[in-house]
Amino acid sequence: MPCLRNVPFFNYPRAYLDEREELLRIFEDVGQRGAFIMQKDLRDFENALAAYTGAKYAVGVANATDGLELAWMALGLRPGDEVICCSHTMLATAASIKTAGGVPVPVELGEDNLIDPDAVEAAINPRTVGIMPTQLNGHTCNMDRIMAIAKRHGLFVVEDAAQALGSRFKGKHAGTFGQAAAISFFPAKVLGCLGDGGGVITNDYGIFDKVYQLHDHGRDVNGDIKSWGRNSRLDNLQAAILNHRLANYDKIVSRRRAIASMYQERLGSMEELQLPPAPNADPDHFDIYQNYELQADRRDNLKEHLRVNGIGTLIQWGGKAVHQWERLGFTVKLPKVERFFERCIMLPMNMFINDEDVHYVCDQVQAFYRK
Ligand SMILES: Cc1ncc(COP(=O)(O)O)c(C=O)c1O
């Protein structure tokens, strides 16, 4: 029987087609000006990103993974330095520590399914220099606790805010609590460009200056070579697209929060599921729902049921937590994270689905558990 409806997990062509005219106007404008590398659009975007998040400084970089690595390099990570990170995150979080010369130490998740502050504290030893919380799925960790631990032990905090632009804890933006953070503009991100892109934000001029040099062949803001560096610049064309999209960002976030409310209303009472927090469930948190990740009984069967009914879902990162990549040298066991990865699944959450699509997804989830 054909599916009643088709609800893909994400729709990459529509990331272009829904705004085709505006994007063509931007291509034409940037192309006519020949403004490809480090031009006004990039400066404008960096200023807008800093203003939006409340950070003092922002640097456009090639992608968030580079941004996180450059942040650790700017902080002077040395070989053997340990940084505690969550294991419920993209491998890129841990990779940025490793490629900057340090040792990633993944730990357990807490009740919010993000890094557990108690596990962070338990993992601190004389080699520890930093903590790297991931503000995952557009939800910010309890940064009061993370920052208090960092202060008590004299540790750096670099936030992986790749998924969290606009997410807030007690009114403060993700990415502005620690020494630095990186945000991703990968096309499927809430603020996505048409390729790879990222931004580093910081309130510290010294870190800004170092990240700036590292990302542009060692040149400082005046074009003077001050150190060794590389090329990890954000393309001016991508910045022009991001300027246009950032101007509409709050509307995009509102729509995602409305979708999350619908999921909550339709699925919230099902005992087979554990949903992420609903919008406004906790006044300390403002979530942007980069993803709608829940835990489900008989997860793999649910995924298959949704697939045959035309609904795309995602089990993030190939179904593996960071520490489960044993071939990369991890030996630790983290039972809570492992259990989470046996049950987690993401439902469609994007600007391309309408209310009927959301109801159809909910109908199908309910139908699966009624069977
Ligand atoms: C949690 C997390 N960290 C880091 C990254 C890396 O971002 P990028 O793809 O821009 O390098 C991503 C992106 O997908 C992410 O989701």
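Buried means under 20% relative accessible area, exposed means over 50%, and partly exposed lies in between, with a 1.4 Å probe and protein chains only. This is a predicted model, where local features need pLDDT of at least 70, side-chain atom pairs count only at pLDDT 80 or more, and totals for chains, interfaces and linings use all residues. Residues are numbered from 1 along each chain as its sequence is written, and side-chain values use heavy atoms, with hydrogens and water left out.

**Stop 1: the loop after helix 2**

Select G34. It sits in the loop between helix 2 (20–33) and helix 3 (40–53). Helices here are DSSP runs of H or I with at least four residues, strands are E runs with at least two, and both are numbered from the N terminus. G34 is partly exposed because its relative accessibility is 40%. Now add N236. The two residues are 202 apart in sequence, yet their C-alpha atoms are 9.9 Å apart.

Stay in this loop and select M38, which also lies between helix 2 and helix 3. What is the sign of phi at M38? It is positive, about 50 degrees, although M38 is not a glycine. Most residues other than glycine have a negative phi. M38 counts as buried because its relative accessible area is 18%.

**Stop 2: a salt-bridge network**

Show D41 and R33 as sticks. They form a salt bridge, with the closest N and O atoms 3.1 Å apart. The term means a side-chain nitrogen of Lys or Arg within 4 Å of a carboxyl oxygen of Asp or Glu. D41 is buried, at 11% relative accessibility. R33 is partly exposed, at 41%.

**Stop 3: bridges across the sequence**

Select R230 and E69. Their side chains meet in a salt bridge of 3.0 Å, N to O. This pair links distant parts of the chain, 161 residues apart. R230 is in the loop between helix 8 (205–215) and helix 9 (236–246), while E69 is in helix 4 (residues 64–74). R230 counts as partly exposed at 26% relative accessibility. E69 is buried, with a relative accessible area of 10%.

Next, select R266 and D363. Their closest N and O atoms are 2.6 Å apart, in another salt bridge. R266 lies in helix 10 (residues 249–267) and D363 in helix 13 (residues 355–370), so the bridge ties together parts that are 97 residues apart in sequence. Both ends are partly exposed: R266 at 22% relative accessibility, D363 at 36%. Now return to the pair from Stop 2 and add D29: salt bridges with shared partners join D29, R33 and D41 into one network. By the salt-bridge rule, the count comes to 25.

**Stop 4: the ligand**

Center on the ligand. How many residues surround it? There are 14, and the closest are T65, D160, Q163, S184 and K189. A residue counts as near if one of its heavy atoms lies within 4 Å. By class, this shell has 5 nonpolar, 7 polar and 2 charged residues. Here Ala, Val, Leu, Ile, Met, Phe, Trp, Tyr, Cys and Pro count as nonpolar, Asp, Glu, Lys and Arg as charged, and the others, Gly among them, as polar.

Pick D160. One of its polar side-chain atoms lies 2.7 Å from a nitrogen atom of the ligand. Move to Q163, where a polar side-chain atom is 2.8 Å from a ligand oxygen atom. At K189, an N or O atom of the side chain is 2.8 Å from an oxygen atom of the ligand. Taken alone, the ligand exposes 390 Å², and the protein buries 92% of that. These areas come from the Shrake-Rupley method with a 1.4 Å probe; for residues, only the protein chains shown count as cover.

**Stop 5: the start of helix 10**

Select Y249, in helix 10. Is Y249 buried or exposed? It is buried, with a relative accessible area of 0%. Add Y52: the two C-alpha atoms are 9.9 Å apart, although the residues are 197 apart along the chain.

**Stop 6: a second positive phi**

Go to R298, in the loop between strand 12 (292–296) and helix 11 (299–308). Its phi is positive, near 45 degrees, in a residue other than glycine. R298 counts as partly exposed, at 46% relative accessibility.

**Stop 7: a surface patch**

Finish with M90, L91 and L328 in surface view. They make a nonpolar surface patch of about 260 Å². Patches are made of residues with over 30% relative accessible area and no salt bridge; like charges are joined within 9 Å, and nonpolar side chains (Val, Leu, Ile, Met, Phe, Trp, Tyr) within 5 Å. M90 is found in the loop between strand 2 (82–86) and helix 5 (91–99). M90 is partly exposed, with a relative accessible area of 44%.

Conventions:
Polar contact = N/O pair within 3.5 Å; in protein donor to acceptor, adjacent residues only side chain to side chain.
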